[in-house]
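Subject: A structure for you to look at

Hi,

I am passing a structure on to you, and I would like you to have it open while you read. Take a moment to turn it around first.

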Amino acid sequence: MLLVDVLEEHLDEAEFRWLQWEKALEAPDFSLTETARLEELLLAHLDGLVVGASTAAESVLRPAFESEDAFRIGAAAFSLLALGEVDEVLLRLREAEPEARAAIRRALELSEAPGLGACLLDLLKGEDAALQAEVLEALAFRQEAPPEVLAHFFTHDEPRARIAALRAALPLSDDAARRLLPMLLDSPHPSIRAAAMGAGLASGVRQAWETCRAAVRARDAHSLEPMVLLAMGGSESDTPLLQGLLDAEELRPHVLWALGFSGRVAAMEACLAHLEVPAVSQLAGEAFSAMTGLRLEGTYALRPGERPEGAPPPPEPQEDLDADLVPRPEDDLPWPNVATVRDWWDKEKKRFVKGTRYLLGRPFNGSVLVEALESSPMRRRHVLARELALRSHGALAVPTRAFTHVQRVELAKARAASVRIRTQSFDSGLR
């Protein structure tokens, strides 16, 4: 009984630490190093469950699948995989309800169980479209889906499967780019269109860039990813197209997020102008910081607990029980001190030259991109990794939602190849 109590404690802690770790992966105030510290605590408790072996499996892990908590199910699935119970976990994946299935898929993505990739490929042969999508997402995350398998899913009935296949297949084969890409770029499903844009850009197809620009011009409510693609891959002349969307209040947060990956002087000044708009001040500050390298701390940020005049108050649960009280990652961003940030810009703006793209205050190149991917806040790293994959035609893939030791291995590869990363705008050299 004492051993079971200890194992239950390990599972309770693993559940809690997994939740913390997943939040850190999307956080605006966590670095890769800080996330690794949280991860160490998670892995320690997962290891504790594996040490318990058969006692853990029977008394603690299997009963955990009756829980409604996704992180408890994920921890149990991950531990069973580490104990070699691959067939059991895959059976549970097939039989699980959607939320539990997603938790098990996350464990499959992260597991290093021997032979797991081959077992997942076998599972793709079934006829359950939703299950196929989950399995393909896991294989794509693990970078274990062969090109011919990905190509098979470009026209799958399940949109999630198409999206996963397109995002993993960089670059597309010439046949897929010629025969299938036009249809995918014209899909009525916005996420399929966006994934097709990325795949097309990594494959050098001009139609993908034209579709991206058209989506931004259309002011589509689903155009966040096209905005980001245009910001990271556009030239100086593309920035006004994004700036023009700032007058639409409902699009403004998305536009500011995208502009933060632009690195153009005009984008910096647009963000600076929105520091005084309380509803988006934090987002504008984050974007300005990412481009210029100015850290919003010390005198450049308001003191903890201090908010600018006109800022919406923190939500109070007792006043509106129907309100959405789930905190957003951007809620943890600092509030810029507008006066001191403007003073800094007045002194420093002369070193930022129009026609040049900047990242963290430095002219953009492959080395700067990799350094930013190592040092930027966690929530920004997902976009930076996407840019790295697109600019390297899929050769450099840093899985920013994987365990940090896996990320470090891929970062080392990217660092070694950084001088060969193309830095020109996406529309140059397209066919």
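Here is what was found in it, from the whole chain down to one helix.

Please keep in mind that this is a predicted model. The chain holds 23 helices and 2 strands. Its radius of gyration is 23 Å, and the globule rule gives 22 Å for 431 residues, so the chain is as compact as a globular protein of that length. If you drew a box around the C-alpha atoms along the principal axes, that box would be roughly 65 × 55 × 45 Å.

How much of the chain is buried? Of its 431 residues, 52% count as buried. Among contacts with a separation of 6 or more, 68% link residues that are 24 or more positions apart.

Now for the outside. About 19,800 Å² of the chain is exposed, and 53% of that comes from carbon and sulfur atoms. As for charge, there are 67 negative and 48 positive side chains, and the centres of these two sets are 10 Å apart.

Finally, have a look at helix α7, which spans residues 116–123. Which of its residues are buried? They are Leu 116, Gly 117, Leu 120 and Leu 123. These residues lie on the same side of α7, because the arc they cover around the axis is only 115°. In an α-helix there are 3.6 residues a turn, so residues three or four places apart point the same way. The buried residues of α7 pack against α4 (70–82), α5 (86–95), α6 (98–110) and α8 (129–142).

Enjoy exploring!

Best wishes

Methods
Residues are numbered from 1 along each chain as its sequence is written. This is a predicted model: local features need pLDDT of at least 70, side-chain atom pairs count only at pLDDT 80 or more; totals for chains, interfaces and linings use all residues. Side-chain values use heavy atoms; hydrogens and water are left out. Helices (H or I, at least four residues) and strands (E, at least two) are DSSP runs, numbered from the N terminus. The radius of gyration is taken over C-alpha atoms; the globule rule is 2.2 Å times the number of residues to the power 0.38. Buried means under 20% relative accessible area, exposed over 50%, partly exposed in between (1.4 Å probe, protein chains only). Contact means heavy atoms within 4.5 Å. Accessible areas come from the Shrake-Rupley method with a 1.4 Å probe; for residues, only the protein chains shown count as cover. Lys and Arg count as positive and Asp and Glu as negative; His and the chain ends are not counted. The place of a charge is taken as NZ of Lys, CZ of Arg, CG of Asp or CD of Glu. The arc is that of the directions from the helix axis to the C-beta atoms.
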